[in-house]
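User: I would like to go through this model with you, one question at a time. Please give the reasoning before each answer.

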Amino acid sequence: MKLVELAKLVREEAMELQEEMEKHQMRLHKHPEVGFELKETCEYVYQQLEEMGYLPKRVGKAGITALLEGSCPGPTFLLRADMDALPIAEENDDKEKSENGYMHACGHDFHTAMLLGAARILQNHREELCGNVKMMFQPAEELLEGAKDMIRDGVLEDPQVDGALMIHVLTGLPLATGTCIVSAPGVSAPAADYFTIEVQGKGCHGSSPNTGIDPLTAAAHILIALQEIKAREMGATEAAVLTIGSFHGGEVANVIPDKVILEGTLRAFGEELRSYLHKRIIDITGDIAKAFRAKAEVKFGSGCPTLVNEKELSEAVKKSLEELLGHDKCFGSDSFARQSNGGNGRNTGMSGSEDFAYVSHRVPSVMVALVAGSSSQGYVYPLHHPKVRFDRQALPVGAAVYAYSAISRLGSFEKQ
Ligand SMILES: [Zn+2]
Ligand SMILES: [Zn+2]
């Protein structure tokens, strides 16, 4: 079968699964779970895969994989969907509203439902495939920990994975549902780091500051000074964000406390820039503290690297999705950035991190964004908002994107 005919067939098969995928999505949406605590979600996904005839496997603390083996040997392509929700209380009033204080506010219920749909479509094409498709259902994306945990437990081996793709839904933008944005080669999501700064002074009576060392004033100077890195040490095209989101110290008006704790996050679109910023945060913090006779220590958590899209894969997937969806429904993130800044020079790009980054540092990878609700049709809230909603018409598009990317990828390996 020619790829063009196959694309049409995959689209039709995906449309037929609309109702089934809605059932999955609504079920998951009503019963959201967070982090690695995905007991019911995992059971549901496992059972669905088993009913389709797969032999699902548990990987890591709360991940699941299923393998579709083609009719002849070949490479293995991985499709990733995340399954975790957020600790946000939902403020919508639909019948599938979540009541447990958690919410699928990042659309991971859509990703899981779409990959279950793709699992069914791929079964129809087993005979035509040389190689394997590995489906990865991962926990704890919001903690940036789930992918790392599944990699540690061997998700990229047996059989060894040769390429990988993830989808993330988008909403709140003036783009039609079903539009796909394929990440251009290079970094599409920044590295994320969390850090704590402990500023140690010497507590004393507020009326006699000369008898102690004030950690509050030192911490205030540190907070301001850290912002100078971005203002004075980075060029116009370098991208990073440094935010101090928490500043704690002191209890009462007339006591200078002993200690202040600052907590912050760092996002950097490049590993070299990331290590430069690490060093500067440590140096500036230490030197400012010293200037005010205090001591300060910076502690970084484990962090998550940049998500890197591989050139050849990104270009090939973009071409396949143009075949699948048409040129007006698929474009590269580079042209999207040009369109979306509206010529005013303000970049509306997001700097949310994505732990698929860990996969992208191991195997050639690509991220695809799928529009699930246009702002012009009332889908106005962004991801992570307690009122965010997504358009279910995107479900068959997502399933088709997953399935067709894998099929054409194995096809293209075959031709080489
Ligand atoms: Zn999220
Ligand atoms: Zn997400």
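User: Is Cys106 buried or exposed?
Analyst: This is a predicted model, in which local features need pLDDT of at least 70, side-chain atom pairs count only at pLDDT 80 or more, and totals for chains, interfaces and linings use all residues. Residues are numbered from 1 along each chain as its sequence is written, chains are lettered from A and ligands numbered from 1 in the order in which they are written, and side-chain values use heavy atoms, with hydrogens and water left out. Buried means under 20% relative accessible area, exposed over 50%, and partly exposed in between, with a 1.4 Å probe and protein chains only. Cys106 has a relative accessible area of 7%, so the residue is buried.

User: Which residues coordinate the zinc ion (ligand 1)?
Analyst: Donors are N, O and S atoms within 2.8 Å of the metal (3.2 Å for Na, K and Ca), and because water is not among the atoms, sites may look incomplete. The donors follow the spacing C-x35-E-x241-H along the chain. At 2.0 to 2.7 Å, the coordinating residues are Cys106 through SG, Glu142 through OE, listed twice, and His384 through NE2.

User: What is the geometry of the site of the zinc ion (ligand 1)?
Analyst: Four donors count as tetrahedral if all angles lie between 85 and 135 degrees; four count as square planar and six as octahedral if opposite donors are over 155 degrees apart and all others between 65 and 115; anything else is irregular. Here the angles among the 4 donor atoms run from 53 to 149°, and the site is irregular.

User: How far apart are the zinc ion (ligand 1) and the zinc ion (ligand 2)?
Analyst: Cys106 coordinates both ions. The distance between the zinc ion (ligand 1) and the zinc ion (ligand 2) is 3.2 Å.

User: Why does the pair of Phe110 and Phe390 tie together parts that are apart in sequence, and how many residues separate them?
Analyst: Rings of Phe, Tyr and Trp (its six-membered ring) pair if their centres lie within 6.5 Å, and planes under 30 degrees apart count as stacked, over 60 as edge-to-face and the rest as tilted. The rule gives 2 aromatic pairs, and one of them is the tilted pair of Phe110 and Phe390, at 5.5 Å centre to centre with 50° between the planes. Phe110 lies in helix α4 and Phe390 in the loop between β16 (365-371) and α11 (394-415), so the parts tied together are apart in sequence by 280 residues.

Note on methods
Helix = DSSP H or I, 4+ residues; strand = E, 2+ residues; numbered from the N terminus.
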